[in-house]
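I opened this entry to keep a record of what I looked up, going from the overall fold to the sheets and then to the ligand.

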Amino acid sequence: MVLRVEGCSVEIGGAQILHDVSLEAGRGEILALVGHNGAGKSTLMKTMIGMRDKQSGSIAIHQENIDDHLKGYKRMFSYIPEEPLLFSELTTLQHFDLYKQSYSIDRETFASRIERYMDAFEITDKKDEYPEALSKGMRQKVQTICALLPVVPVLFIDEPFMGLDVYAGKFLEEELNRKKEEGMTIVLTTHQLEKVKTLADTYVMLKNGSVSSYGPVEFFEMLERRKDQ
Ligand SMILES: Nc1ncnc2c1ncn2[C@@H]1O[C@H](COP(=O)(O)OP(=O)(O)OP(=O)(O)O)[C@@H](O)[C@H]1O
């Protein structure tokens, strides 16, 4: 297994938000976190990337435990948050450069990737702009490109298609499939059930902070069909 989460519980301000959550995902697997608003999907994702403390449980990528060596663990994944988290003092290109340095991406690989991504996401003419001069969707594109640049074992994405236009959404979907073929493990949250069915291999359904069902995506489709009957 590439990603292993075991018995994670999270409290925020004295309220128990996640209860004993466990999941795992293998190489080249796309895992969708699903559930109603407030079920705990973003909290779980933030906990898996070390942005939120847990009260119990363990999280590891390739046996690198989040609690033993956070810096090493952080080099094992990239992350696209629900709301873009950009630096107001950095231009689009400077953001990409920050990722190049953080993940030690070589110059040639970096140059070809940013050219391809800026072209596909249609933001080449925004390369010297600061975030305040970008629309929300464009900021989301910059954030998405940052996370797609490094080749890491795991990619975490919170609501990947929110705010993206249809062309960018289509390209992202194709790119996630390409990354999956190359062996990347992808964990995403989404409310778009169609995307779960077309993109994911497995799913974890959260209900009030607990895992209510978990398995191959065909099982999820069966549950959805049964609900409709
Ligand atoms: N910073 C916070 N302070 C207090 N409560 C929080 C905080 N963040 C999340 N919560 C609570 O934790 C619960 C889970 O929220 P979370 O954002 O993880 O849900 P979600 O499944 O991602 O929801 P959505 O689908 O609406 O994005 C909610 O009850 C929310 O109010």
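I began with the secondary structure of this predicted model, and I found that the chain comes to eight helices and ten strands.

For overall dimensions I looked at the C-alpha trace, which spans about 45 × 45 × 35 Å along its principal axes. A compact globule of 229 residues would have a radius of gyration near 17 Å, and because the chain has 18 Å, I noted that the two agree. I also noted that 38% of the 229 residues count as buried, and that, of the contacts with a separation of 6 or more, 69% are accounted for by residues 24 or more positions apart.

I then turned to the sheets. One is an open sheet of four strands in the order S2-S1-S4-S5, with antiparallel pairing. Strand S2 (15-25) and strand S5 (64-65) stand at its edges with a single partner strand each, so one side of each has no neighbour in the sheet. Within this sheet I looked up the pairing of S1 (residues 3-12) with S4 (residues 56-61), which is antiparallel and extends over five bridges; glutamate 6 stands opposite serine 58 in S4. H1 packs on this sheet, where it touches S1, S2 and S4, and its direction makes about 65 degrees with that of S2.

The other entry on sheets concerns an open sheet of six strands, ordered S6-S7-S8-S3-S9-S10, in which the pairing is mixed. Here the edges are held by strand S6 (77-80) and strand S10 (210-216), each with a single partner strand, so that one side of each is left without a neighbour in the sheet. From one strand to the next the twist averages 15 degrees. I checked S3 (residues 30-34) against S9 (residues 202-207) and found parallel pairing over four bridges, with leucine 33 opposite valine 204 in S9. H1 packs on this sheet as well, touching S3, S7 (154-158), S8 (185-189) and S9, and its direction makes about 150 degrees with that of S7. Helix H6 (residues 166-181) lies across S3, S7 and S8, and I recorded its angle to S8 as about 145 degrees.

Last, I asked which residues are around the ligand. I listed Ile12, Gly13, Ile17, Gly35, Asn37, Gly38, Ala39, Gly40, Lys41, Ser42 and Thr43. Helix H1 (residues 41-48) gives the largest share of this shell, three residues. By character, the shell divides into three nonpolar residues, seven polar and one charged.

Notes:
Residues are numbered from 1 along each chain as its sequence is written. This is a predicted model: local features need pLDDT of at least 70, side-chain atom pairs count only at pLDDT 80 or more; totals for chains, interfaces and linings use all residues. A residue is near a molecule or strand if its C-beta atom, placed from the backbone, lies within 6 Å of it. Helices (H or I, at least four residues) and strands (E, at least two) are DSSP runs, numbered from the N terminus. Ala, Val, Leu, Ile, Met, Phe, Trp, Tyr, Cys and Pro count as nonpolar, Asp, Glu, Lys and Arg as charged, and the others, Gly among them, as polar. The radius of gyration is taken over C-alpha atoms; the globule rule is 2.2 Å times the number of residues to the power 0.38. A residue is buried if 20 or more other C-beta atoms lie within 10 Å of its own, exposed if 12 or fewer, and partly exposed in between; C-beta atoms are placed from the backbone. Two residues are in contact if their C-beta atoms, placed from the backbone, lie within 7 Å. Two strands pair if DSSP finds at least two bridges between them. Axes are lines fitted to C-alpha atoms, for helices over the stretch in contact, and angles run from 0 to 180 degrees between N-to-C directions.
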